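Here's a quick walk through a few helices and one strand residue. Have the model open alongside as you read.

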Amino acid sequence: MSPLSSASAMSSGSTAPSSHRRESASVPSWSAPPWPEPLRRVATVVRVSHDAKDLYLDLIEQVLTGSLFLEQEVVDIRPRGWERLVARAINRRGYRVVRPAPVALRAEGRDCPPTAETMIGLKRLRNIRECVECVLADDIPGDLIEAGVWRGGASIYMRAILAAHRVSNREVWLADSFQGLPPPRLPQDEGLNLHTLPELAVGQDVVSKNFERYGLLDD
Ligand SMILES: C[S@@+](CC[C@H](N)C(=O)[O-])C[C@H]1O[C@@H](n2cnc3c(N)ncnc32)[C@H](O)[C@@H]1O
């Protein structure tokens, strides 16, 4: 097992050792966004290991979730009612109507990130790492599979974990329509119109390119 634990390894800046804390004061004032201080605070990883493997996986999970520079990320607002008309008029002039990215939601995997390769968030990525490292430590045979990959981030992470542990005899399989969700067929899914969301349809070519971006595409 890795010495890293999932939820306990996450912390707000207030409990992190000062040498590992991302100080908001270090952000140059000319680049600091003009929103209130709490929205600029970023999730902080408390390091319990300086092993290169752990440092790599810590960093890659920050990048895959878009957490590394989350305080600089903005999300487009799609207002309703009269505000929609205002937003359209603003868009027509070449501007975007945006709000700061939701920092707390991202850690929990409860938002749909505009650019990150996974939407499951830091805590659930950590859970994947614990599971895969457990499988490796206990020598449980078999490959790894993700069903429903979206932009591929969680699968990229599994491939990165194997690479970091120098495992070459296991494969990572990705199962997806690469066209988004089908319309609901079961009574309990009625009204769940996720098939209408174009942002959930990510093609295989995009997923392959994302693997390539991280130097982890096998074939
Ligand atoms: C919520 S996203 C998955 C998020 C992803 N695990 C991540 O790390 O961000 C759902 C994915 O499942 C796929 N999917 C959903 N229902 C499917 C089905 N019945 N057949 C094939 N793919 C499906 C969609 O295409 C989409 O890529």
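What follows looks at one helix, then a helix pair, then a single residue in a strand.

Keep in mind that this is a predicted model. Start with helix H3, residues 52-64: at 1.5 Å a residue, its 13 residues should span 18 Å, and the end C-alpha atoms are indeed 18 Å apart, so the two agree. Its buried residues are Leu 57, Ile 60, Glu 61 and Leu 64. These four cover an arc of only 100° around the axis, so they sit on the same side of H3. And what covers them? Helices H6 (121-137) and H7 (153-164) are included in the cover. After H3 comes Gly 66, with a positive phi near 70°.

Now for H6 and H7 themselves. Their axes come within 10 Å and cross at roughly 35°, and the crossing is right-handed. The table shows who makes the contact.

| Helix | Residues in the contact |
|---|---|
| H6 (121-137) | Leu 125, Ile 128, Arg 129, Val 132, Glu 133 |
| H7 (153-164) | Ala 154, Tyr 157, Met 158, Ile 161 |

Sorted by class, that contact has 7 nonpolar residues, 2 charged ones and no polar ones.

Last stop: Ala 175, in strand E6 (residues 172-175). Is Ala 175 buried or exposed? It counts as exposed, because it has 11 C-beta neighbours inside 10 Å, and the cut-off for exposed is 12 or fewer. Setting aside neighbours within four places in sequence, Ala 175 is in contact with Ile 145 and Ala 147. The C-alpha atoms of Ala 175 and Val 149 are separated by 7.0 Å, with the two residues 26 apart along the chain.

Note on methods: Residues are numbered from 1 along each chain as its sequence is written. This is a predicted model: local features need pLDDT of at least 70, side-chain atom pairs count only at pLDDT 80 or more; totals for chains, interfaces and linings use all residues. Helices (H or I, at least four residues) and strands (E, at least two) are DSSP runs, numbered from the N terminus. The expected span of a helix is 1.5 Å times one less than its number of residues. A residue is buried if 20 or more other C-beta atoms lie within 10 Å of its own, exposed if 12 or fewer, and partly exposed in between; C-beta atoms are placed from the backbone. The arc is that of the directions from the helix axis to the C-beta atoms. Two residues are in contact if their C-beta atoms, placed from the backbone, lie within 7 Å. Axes are lines fitted to C-alpha atoms, for helices over the stretch in contact, and angles run from 0 to 180 degrees between N-to-C directions. A crossing is left-handed if the near helix is turned anticlockwise from the far one by less than a right angle, and right-handed if clockwise. Ala, Val, Leu, Ile, Met, Phe, Trp, Tyr, Cys and Pro count as nonpolar, Asp, Glu, Lys and Arg as charged, and the others, Gly among them, as polar.
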